[in-house]
Amino acid sequence: MTNRLKKTVVLVGMMGAGKSAVGRALADRLHVPFMDSDEEIERAAAMSIPEIFERDGEAFFRARESEVIARLVQTNGAILSTGGGAFLQERNREVITTSGVSLWLDAELQTLWNRVRHKTTRPLLRTKNPRKTLEDIYNARVPVYAKADLRVPSEPRQSIDRMVDKVIETL
Ligand code: S3P
């Protein structure tokens, strides 16, 4: 591992890519602090993400997300998991790549779908055809995630431990 961990490693990628689970396990393994932007937003608002979307709208959520990321990325030597839309905003990408190291957890569409299909925690997937919505979001976002400093592909049914190994090999 190089000295990349002197900065904060910021996990980006689609819903269901495993950013929170891998991030938490990675931080445990490396004995560094773990932070999750979605959790921080929920804690500060004392509401769940679906509730925030419903009550205040997506634009409000995105503004809170930018503030939280700009603040948390300043913590050196930690792991920060972000929500799937965070890397889409240019100002977030700028702040993440200036102060941290961005790492894209890249999982295939089918894997993502298998992981999110039975969950109700993603307001963006509350559509008539969530499978198609996920696919559209995936296609639109992949070129943006590809701007991350580092990329770790995940195989279907890969364990969290194995993903953590691969992330550590990449860092
Ligand atoms: C979002 C992903 C979610 C959460 C919000 C919006 C997105 O986080 O931030 O529902 O735009 O992809 P996860 O990627 O952890 O599901």
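This text goes through the predicted model from its sheet and helices to the ligand shell and one annotated residue.

The sheet has 5 strands in the order β2-β3-β1-β4-β5; it is open, and its pairing is parallel. Strands β2 (34-36) and β5 (150-154) form the edges, each pairing on one side only. From one strand to the next, the twist averages 25°.

At the β2 edge, strand β3 (residues 79-81) runs parallel to β2 and is joined to it by 3 bridges. In one of these pairings, M35 has L80 of β3 as its bridge partner. Helix α2 (residues 37-45) packs on the sheet here, touching β2 and β3, and its direction makes about 65° with that of β2. Elsewhere, helix α5 (residues 90-99) lies across β1 (8-12) and β4 (100-107), and runs at about 115° to β4.

The ligand is surrounded by M15, K19, S20, D38, I49, G83, G84, G85, R122, P123 and L124. By class, this shell consists of 4 nonpolar, 4 polar and 3 charged residues.

One member of the shell, S20, carries the feature "binding site" in an unreviewed UniProt entry. S20 is part of helix α1 (residues 19-30). Is S20 buried, exposed or partly exposed? The count for S20 is 17 other C-beta atoms within 10 Å; a buried residue would need 20 or more and an exposed one 12 or fewer, so S20 is partly exposed. Leaving aside residues up to four places away in sequence, S20 touches D36 and S81. Residue 36 falls in β2 (34-36), and residue 81 in β3 (residues 79-81).

Definitions and conventions. Residues numbered from 1 in each chain as written. Predicted model: local features only at pLDDT ≥ 70, side-chain atom pairs only at ≥ 80, totals over all residues. Near = placed C-beta within 6 Å. Nonpolar A, V, L, I, M, F, W, Y, C, P; charged D, E, K, R; others polar. UniProt positions renumbered as here; feature names shortened; annotations may be inferred. Helix = DSSP H or I, 4+ residues; strand = E, 2+ residues; numbered from the N terminus. Contact = placed C-beta atoms within 7 Å. Pairing = 2+ DSSP bridges. Axes fitted to C-alpha atoms, helices over the stretch in contact; angles between N-to-C directions.
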